[in-house]
Amino acid sequence: MKSKLTLGIMAIILINCGENPEVPATESNPEQNSAAEIKEIQSRYNTEIPEKILTLNEVDTRIGKLEFFDGLPTRETVARVYDNLDHIRGIETFLSGIPATSIEGIRLGMQEMGVAEPNQVLIFNDLMDSNPLFLTGNTSTVYVSGILDLQKHGPVVVEVPAGSGPGTVNDAFFRFVVDMGFPGPDRGKGGKYLILPPDYDAEAPEGYFVAKSTSYINWLILRGFLVDGKTDAANKMYREGLKIYPLKDKANPPAMTFIDGSTKSFNTIHANTYDFYGELSEVIHREPVSFLDPELRGLFASIGIEKDKAFTPDERMKEILEDAVAVGNATARAIAFESREDEANIFPSGHWESGFLGGSYQWLKNEGKGGRYLDARTRFFYMATVNTPAMVLKMVGLGSQYALSARDKDGDYLYGHEKYTLNIPANVPVKDFWSVVLYDPQTRSELQTSQSLPSVSSKRTALTENEDGSVTLYFGPENFAPEDKRNNWLQTIPHKGWFVLFRLYGPLEPWFDKTWQPGEFELVE
């Protein structure tokens, strides 16, 4: 009879030679068999071995049956668990890499529109309509968008004019760099901002609001408010007062170029397919090592995305990643449209949700006790853009607040071939105005209909109120609103889904204390 040691050595030799050791057969009663196998394993030791640290010869899991000889995995099991590990990490790379690829998508979209230098910006002269693909953009402010390449140009100066609405610079992972305009240090009075690259070590010159970025690529987004429902004042303010140039050119800055983005068709959204990994790889190659913490960088590297190394997965890995990105995309959509977090609900009842969970622009859960709030970060950046501490602050009468709804009062999705009404009660708690914008769940961009601005605004739209001061909005493929309320209708597309963002500009206390609440979508039979 062979000794236990000899059997163990033979098993190792068989595995190393490319063969699987024979796993003992089991009877039909798995619990009884497991108990018997545990006793058998324990009998091979001189001391008592806790059951919880042992591995059975056969383990049934969601990825199939895993087989071992005395804790040594068979070749089939090794291959199966590595495939599973690569799949898991491919999914996690998608979910955690969205902030980086979203900024990259914006950079590519700006490049497509001719924005390649600091003095070139995209401006939406006539507001952002539904032609461009841009995550949940609004139709109520004049956007100015630019890309700052600090590796190519070094430190960049941004001169913001007085009267500018909220502006923000985000780094290449959608992290906050600095606010501008009234939420920024200039407090709406205008000023010069100096954005430094991550490897800048010299002393910053005086006379600027200085912010140092963690990345080379940075996105600048500014918003100008309408005056009397028109864009003229905001356009004039930016065209005459906005200047962006490398610090080295401060003595003779180049003239600004304003490229009109209104009515133009272009894409700023990251891929939901295998191309996603290529977009992420481009970011990792371009940015410095210090750009990401080792944990996140290690996750990306585990599937082959590593700085200074070509991303060239073999056929096996590519097949796994193609499936992983499909599962990752489905997961992101579940997190976005069917959150399992209780705090997603803004009110005790109804289906209005917050797109921004956790109360931390750094995406920390419970003041850091819960670590990184991963699903909150995925939810926000899959649906939206711009990361600023201003999202966290309760600014009564300032800034803006948002509520998302994709369901009717019964909890069913909103369907484009159906008809719905939505009541906005009287005395909406806003200092400035409120708006409702329709979005496409596929692109998370404005819904493309015959209405180029798929929205209504209390400032821009001639809405008809009810006798009690409330406003009834009508949604459907055709205008079924009463004759005196035709402007209260928003078009939907048959057999397409849709969702809305309800925005409050200058929100007042009844919004924050939840004593005022919008109605629910009512299906019209």
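Two strands count as paired here if DSSP finds at least two bridges between them. With that in hand, this predicted model shows an open sheet of three strands, in the order β1-β2-β3 and with antiparallel pairing. Its edge strands are β1 (58-61) and β3 (72-73), each of which pairs on one side only. Strand β2, residues 64-69, meets β3 in the antiparallel sense over two bridges, and F68 has P73 in β3 as its bridge partner. Helix α3, running from 75 to 112, packs on this sheet and touches β2 and β3; the helix direction makes about 130 degrees with that of β2.

Turning to the pockets, the largest has a volume of about 1200 Å³. Its lining takes in 49 residues, and the closest to the centre are F356, M391, S400, Q401 and Y402. Elements that each supply at least two lining residues include β5 (141-149), β14 (400-405) and α9 (374-383). By type, the lining splits into 28 nonpolar, 14 polar and seven charged residues.

The second largest pocket holds about 450 Å³ of space. Here 20 residues form the lining, with F173, R175, D293, R372 and R377 nearest the centre. Two or more of the lining residues come from each of α7 (294-301) and α9. Eleven are nonpolar, four polar and five charged.

Elsewhere, P425 sits in the loop between β15 (419-424) and β16 (430-439). Leaving aside residues up to four places away in sequence, P425 touches S470, W516, Q517, P518 and G519. From L85, P425 is 340 residues away in sequence and 51 Å away in space, C-alpha to C-alpha.

Definitions and conventions:
Residues numbered from 1 in each chain as written. Predicted model: local features only at pLDDT ≥ 70, side-chain atom pairs only at ≥ 80, totals over all residues. Heavy atoms only, no water. Helix = DSSP H or I, 4+ residues; strand = E, 2+ residues; numbered from the N terminus. Contact = heavy atoms within 4.5 Å. Axes fitted to C-alpha atoms, helices over the stretch in contact; angles between N-to-C directions. 1 Å grid on protein atoms, 1.4 Å probe; cavity = no way out; pocket = protein on both sides within 12 Å on 5 of 7 lines; lining within 4 Å. Points joined across faces, edges and corners; volume = space filled by probe spheres on them. Nonpolar A, V, L, I, M, F, W, Y, C, P; charged D, E, K, R; others polar.
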